[in-house]
Amino acid sequence: MLTAFSGGDIRSAEAPLLDAGQGDALMQRAAHGLFGVALGLLREAGRGTYGATAVVLAGSGNNGADALYAGERLLRRGVGATAILTGDRVHAAALEAFTQAGGTSVRLADAPDIAALAAHAASADVLLDGILGTGASGGLRGPSADFVRAFDAAAGPRAARSTLVVACDLPSGIGVDTGRVDGPVLAADATVTFGAAKPGLLIGDGAVAAGELNVVDIGLDLSGFPPAARTLEGSDAAALLRLPGTHDQKYSRGVLGVAAGSARYPGAAALAVGAALATGVGMVRYLGPEAVAALVHQRNPEVVASTGPIAEAQSQAWLVGPGAVDDDDQRLRAVDAMASGLPVVVDAGALAAVPARVGPQVVLTPHAGELRELLAARGVDTERSEIEADPAHFARQAADITGATVLLKGYTSVVAAPSGALFVQADATPWLSTAGSGDTLSGIIGALAATLAEDDGAAGRVGVAPADLWAAIAAAGALIHGRAGRRAARSGPVVVSDLPGPIRAVVADLVEERRLAASP
Ligand SMILES: NC(=O)C1=CN([C@@H]2O[C@H](COP(=O)(O)OP(=O)(O)OC[C@H]3O[C@@H](n4cnc5c(N)ncnc54)[C@H](OP(=O)(O)O)[C@@H]3O)[C@@H](O)[C@H]2O)[C@@H](O)CC1
Ligand SMILES: [K+]
């Protein structure tokens, strides 16, 4: 599990070490980690060190100092380096060390032509971004902002540019705790972050700007601080799965009831059911119109179908809403499922039926537009673009107001538990942005919920508080869905109705990972 701590908590964890006079040692560890990643990237790109060039962007704080000390190390390896001092102050000792090692420096404020300086930076092999770290407030401003815009114009987009950009602690311009990007940001190929990840490196636009994330241990003790965000890794999802045992039968493995699809959108039911079966579940019961059931049966004849109400169909968990539009019976089933006290995954058409208060076992899976409507119905008016800019804030707000677990879908999916716990998954591929994708995600989460609903050991296996189990289940669903999408995309554009195959393959890999972890 990757655990992120807020910028404020990281600074608090640093405080006792700074008081003990270890500030310089911390900074040298940070600089060494940054240097190591930059060197590795240069080597990977086949550029070596002698004859290579580096530009260090050094702001007025300690972030700039880290970057200058990393630049000093590059200079000592034979890299030619220039520092651009972006603030009106600079860490004197770090600049002195950089200069002593042969580096030259220029003050951004004194540069007659920012565009020419940016073009120089864009011709370097590697750029270390030490403009801003955890001391950042708001987006980049002033000459730093102008420089980043000019650099982007000169270097081109990240995928096409030749300069490797390595962010020191975080890409300058992202919100440390939110990932929010207001204004220009220096999108990195890699980010080297110190002590622990910060939430902004995992969430939304900040995660996109961070590129490949490297966490460098600088000796901070964060054990007394609450995680600000967590990301499940494969081993966590593997540990969470409930594997069938020799005494299991279809009912004990977990039955998922699905009230999805309608005359208008019959396909959503088939997609959700197919994904649920591929994730592994004892049985799927389908409730809905006969014509939709017939479509479900075409692909999955093992599904038990009925046109009855929730009360007549026993299950361990429910999935309600995919494709369920303008259908009063499906709406009633959604209401009854949420009143049952059982775990319920609530998607699409059923989101409008969420009552004032539910429990964390109710997992809402809106996209940003649906979350906007959900919040508006509760008196919170905002724009879809605002939600996309700060997804964790709004997912948390919805979890807080409703009491539900809220998975906000996006390039990074954010899961907020009503306890305040936050999970962020960045497993998806843009190829998954296609119609029906959300139906398959809800099917996967539904299957996990049904199989884990009566598994008392599940929260312990994945290392979360029992109250946060549903959030961990939703996060694991996002992980499986994202990995399945990536696997599918290897052989061409993702066709959602073909996703059950890759889902099964991803689950098989997780089961194997679990087996290997268990073997001595
Ligand atoms: N503490 C430690 O021992 C260790 C810390 N470490 C490192 O220190 C980093 C934190 O350093 P920090 O606290 O000095 O803050 P940092 O982010 O460098 O600069 C803040 C300055 O930037 C400015 N500024 C602010 N907002 C701005 C904006 N939007 N746009 C433009 N400018 C803006 C503002 O300056 P002003 O404008 O007020 O002159 C402010 O003072 C941390 O990320 C890690 O890298 C590691 O070495 C390990 C040991
Ligand atoms: K930075």
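## Strands S15, S16 and S17

Valine 363 has threonine 405, a residue of strand S16, as its bridge partner. The structure discussed here is a predicted model. Strands S15 and S16 are paired in the parallel sense, with 2 bridges between them. In general, the strands of a sheet pair through backbone hydrogen bonds, and the pairing is either parallel or antiparallel.

Strand S16 also pairs with strand S17 (residues 413–416); these two run antiparallel and are joined by 3 bridges. Valine 406 stands opposite alanine 416 of S17. The connection from S16 to S17 is a hairpin of 4 residues. Strand S16, residues 405–408, is covered on both faces: Thr405 and Leu407 are buried on one side, and Val406 and Leu408 are buried on the other.

## The parallel sheet

Another part of the chain contains an open sheet of 7 strands, which pair in parallel. The order of the strands across this sheet is S4-S3-S2-S5-S6-S7-S8. Which strands stand at the edges? They are strand S4 (104–107) and strand S8 (212–216); each has a single partner strand, so one side of each is left without a neighbour in the sheet. On average, neighbouring strands of this sheet are turned by 20 degrees against each other, with direction ignored.

The pairing of strand S2 (residues 53–58) with strand S3 (residues 80–85) is parallel and comprises 6 bridges. In one of these strands, S3, glycine 80 is the bridge partner of threonine 53. Helix H3 packs on the sheet and touches S2, S3, strand S5 (126–130) and strand S6 (164–168). The direction of H3 makes about 160 degrees with that of S2.

## The surroundings of ligand 1

The shell around ligand 1 contains 31 residues, of which Gly61, Asn62, Asn63, Gly133 and Gly135 come nearest. By class, 10 residues of the shell are nonpolar, 16 are polar and 5 are charged.

Which helices each supply at least two residues of this shell? They include helix H1 (7–19) and helix H2 (23–44). Helix H3 (62–76) and helix H6 (142–155) each do so as well.

## The annotated binding site

An unreviewed UniProt entry gives the annotation "binding site" to Asn63, Asp129 and Ser172. These residues span 110 residues in sequence, yet no two of their C-alpha atoms are more than 9.8 Å apart, so they gather at one spot.

Aspartate 129 lies in strand S5. Is this aspartate 129 buried or exposed? Aspartate 129 is buried, because 32 other C-beta atoms lie within 10 Å, and the count for a buried residue is 20 or more. Not counting residues up to four places away in sequence, aspartate 129 touches nine residues named here: Leu57, Val165, Val166, Ala167, Cys168, Pro171, Ser172, Leu186 and Ala188.

Serine 172 is placed in the loop between S6 and strand S7 (190–194). Serine 172 is likewise buried, with 29 other C-beta atoms within 10 Å. Under the exclusion of residues up to four places away in sequence, serine 172 touches Asp129, Ile131, Leu132, Leu140 and Leu186.

## The YjeF C-terminal domain

From the unreviewed UniProt entry comes the feature "domain: YjeF C-terminal", placed at residues 233–510. Over these residues, the chain is 45% helix and 13% strand. The end C-alpha atoms of residues 233–510 are 10 Å apart.

Arginine 242 lies in the loop between helix H8 (234–240) and helix H9 (250–253). Arginine 242 counts as buried because 20 other C-beta atoms lie within 10 Å. Apart from neighbours within four places in sequence, arginine 242 is in contact with Thr451, Leu452, Asp455 and Ala458. Arginine 242 and valine 148 are 94 residues apart in sequence, and their C-alpha atoms are 48 Å apart in space.

## Two residues with positive phi

Most residues other than glycine have a negative phi. Aspartate 326 is not a glycine, yet has a positive phi of about 50 degrees. Aspartate 326 belongs to the loop between strand S13 (317–320) and helix H12 (328–339). Why does aspartate 326 count as exposed? Aspartate 326 counts as exposed because it has 11 C-beta neighbours inside 10 Å, and the limit for an exposed residue is 12 or fewer.

Alanine 348 also has a positive phi, of about 40 degrees, although it is not a glycine. The loop that holds alanine 348 runs between strand S14 (344–346) and strand S15 (362–364). With 23 C-beta neighbours inside 10 Å, alanine 348 counts as buried.

Conventions:
Residues numbered from 1 in each chain as written. Chains lettered and ligands numbered in written order. Predicted model: local features only at pLDDT ≥ 70, side-chain atom pairs only at ≥ 80, totals over all residues. UniProt positions renumbered as here; feature names shortened; annotations may be inferred. Near = placed C-beta within 6 Å. Nonpolar A, V, L, I, M, F, W, Y, C, P; charged D, E, K, R; others polar. Pairing = 2+ DSSP bridges. Axes fitted to C-alpha atoms, helices over the stretch in contact; angles between N-to-C directions. Contact = placed C-beta atoms within 7 Å.
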